[in-house]
Amino acid sequence: MTIEQPAARPANPRFSSGPCAKNPAFSLDKLNDAALGRSHRAAVGKAKLKDAIETTREILGVPADYKIGIVPASDTGAVEMAMWSLLGARKATMVAWESFGAGWVTDVVKQLKIEADVKTAEYGEIVDFAEIDFNTDVVFTWNGTTSGVRVANGDAIPADREGLTICDATSAAFAMDLPWDKLDVTTFSWQKVLGGEAAHGMIILSPRAVERLETYTPAWPLPKIFRMTKGGKLIDGIFVGETINTPSMLAVEDYLVALDWAKSIGGLKGLIARADANAQAVWDFCAARDWIDNLAVDPATRSNTSVCLKFTDARIQDGAAFAKAVAKRLEKEGVALDIGAYRDAPAGLRIWCGGTVETADVAAMLPWLEWAFNAEIEAQTEAA
């Protein structure tokens with residue numbers, strides 16, 4: 001039989017987990033003030049870069065004595081910069097429960113060859129932070145973009161720790177309340193929660209991280225784009241907008257526009273509320289159905305941005321093929337783009353629910369997800 005399609009469609013079908021949807025007020029004419037064709041070292045360029053840094057501080061509530069820098073190569077570049085510059089002074093602990101965290105483990109253990117304890121959990125679960133020795137340097141993701149599992153809070157991180165905490169917060173910043181007193185290095189990229197353009201990363205350093213940089217020299221050579229000190233002192237210019245390499249002033253303008261929109265909806269509280277409402281709509285949908293569930297095992301650790309789902313219907317014969325077919329149907333109908341699970345993650349779907357997404361679009365998309373599921377079950381049955 002033919003399964004009837006829903007009547008309503010999302011106004012914006014973009015649910016990609018990165019690059020993520022632009023904010024709902026975005027239009028290209030808002031980029032008209034970009035400093036195009038101007039040097040990033042000219043007064044206008046430096047002013048915009050500094051504005052990006054200080055507005056980030058304002059919205060995220062970053063303490064005044066923390067340093068914020070714009071760095072190359074997105075969040076990946078920021079994390080690598082932190083690890084290559086800071087690790088090796090003491091033993092490390094690498095924490096991973098999804099693909100990006102696993103990538104940091106590989107870099108530290110196999111590339112830098114640092115002595116490290118490695119603690120992992122399966123997709124959908126999380127490492128118990130109470131079992132981590134924070135007298136070591138600890139590297140972890142706050143939100144597992146590919147697993148939909150996040151750290152519930154920073155309570156297990158002691159204030160009197162001897163080691164540094166290096167946190168990849170790329171799909172958490174601007175959607176979750178990060179405990180700055182528990183984080184020594186925090187990184188994220190523009191193309192995630194605020195829907196900015198790619199290629200630029202942010203690194204936030206606590207005074208403890210700055211002290212490490214100024215008192216420790218790694219045993220390995222550092223590429224120029226990783227160097228944050230000169231002559232044993234922090235290069236302060238990096239943290240007021242004097243970037244290591246040439247940034248895209250168009251991307252900078254786009255980030256400034258996104259920051260202005262964030263302020264207009266209530267700043268961090270407004271962004272968190274929007275992400276929470278989006279994720280709750282998906283969670284409620286799953287709770288009312290027996291064929292789909294959240295990949296995150298513990299509701300307390302469910303991500304409110306990268307919501308990862310798994311199909312649980314016993315009739316599904318090939319989970320990976322089924323999930324891909326559902327995602328393909330939704331994309332063909334133009335109601336949900338780029339929602340397949342990450343290539344290294346378990347078969348399923350990944351729906352971005354960050355604050356730039358409208359809850360009305362999530363609500364309009366979910367009946368289509370049910371339609372695609374039923375249509376694919378029917379196709380599977382007919383093919384048998």
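## Helices on the seven-stranded sheet

Helix α4, residues 207-215, lies across four strands: β1, β4 (137-141), β8 and β9. Its direction runs at about 95° to that of β9. Bear in mind as you look around that this is a predicted model.

The sheet beneath this helix is open and has seven strands, in the order β1-β9-β8-β7-β4-β2-β3, with mixed pairing. At its edges are β1 (67-72) and β3 (116-120), each pairing on one side only. From one strand to the next, the twist averages 15°. Helix α1 (residues 43-60) also packs on this sheet, where it touches β1, β8 and β9 (200-205). The direction of α1 makes about 125° with that of β1.

For a closer look at the pairing, take strands β7 (residues 165-168) and β8 (residues 185-189), which run in the parallel sense and share three bridges. Here Ile166 has Val185 of β8 as its bridge partner.

## An aromatic pair at β4

Across the whole structure, a search finds 15 aromatic pairs. One of them joins Phe129 and Phe140: the ring centres are 5.2 Å apart and the planes stand at 85°, so this pair is edge-to-face. Phe129 belongs to the loop between β3 and β4, while Phe140 sits in strand β4 itself, so the pair ties together parts that are eleven residues apart in sequence.

## Helices α2 and α3

Helix α2 (residues 74-86) and helix α3 (residues 99-112) have axes that come within 11 Å and cross at roughly 40°. With that angle, α2 is oblique to α3, and the crossing is right-handed.

Which residues of α2 meet α3? They are Asp75, Thr76, Val79, Glu80, Met83 and Trp84, and on the α3 side they meet Trp104, Asp107, Val108 and Leu112. Sorted by class, this contact of α2 with α3 has six nonpolar residues, one polar residue and three charged residues.

## The three-stranded sheet

Further along the chain there is an open sheet of three strands, ordered β12-β13-β14 and paired in the antiparallel sense. Its edge strands are β12 (292-294) and β14 (349-352), and each of these pairs on one side only. Neighbouring strands in this sheet are turned against each other by 30° on average, direction ignored.

Strands β12 and β13 (residues 306-311) are antiparallel partners over three bridges, and Asn294 stands opposite Leu309 in β13. Helix α6 (residues 267-287) packs on this sheet and touches β12, β13 and β14. The direction of α6 makes about 15° with that of β13.

## Helices α7 and α8

How far apart are the axes of α7 and α8? Helix α7 (residues 319-332) and helix α8 (residues 359-383) pack with their axes 9 Å apart, at an angle of about 125°. The two helices are therefore oblique to each other, and their crossing is right-handed.

From α7, the contact draws on Phe322, Ala325, Val326, Arg329 and Leu330. The α8 side contributes a longer list of residues, among them Trp368, Leu369, Trp371, Phe373, Glu376, Ile377 and Gln380. By class, the contact of α7 with α8 has twelve nonpolar, one polar and two charged residues.

Methods
Residues are numbered from 1 along each chain as its sequence is written. This is a predicted model: local features need pLDDT of at least 70, side-chain atom pairs count only at pLDDT 80 or more; totals for chains, interfaces and linings use all residues. Side-chain values use heavy atoms; hydrogens and water are left out. Two strands pair if DSSP finds at least two bridges between them. Axes are lines fitted to C-alpha atoms, for helices over the stretch in contact, and angles run from 0 to 180 degrees between N-to-C directions. Contact means heavy atoms within 4.5 Å. Angles under 35 degrees count as roughly parallel, over 145 as roughly antiparallel, 65 to 115 as roughly perpendicular and the rest as oblique. A crossing is left-handed if the near helix is turned anticlockwise from the far one by less than a right angle, and right-handed if clockwise. Ala, Val, Leu, Ile, Met, Phe, Trp, Tyr, Cys and Pro count as nonpolar, Asp, Glu, Lys and Arg as charged, and the others, Gly among them, as polar. Rings of Phe, Tyr and Trp (its six-membered ring) pair if their centres lie within 6.5 Å; planes under 30 degrees apart count as stacked, over 60 as edge-to-face and the rest as tilted.
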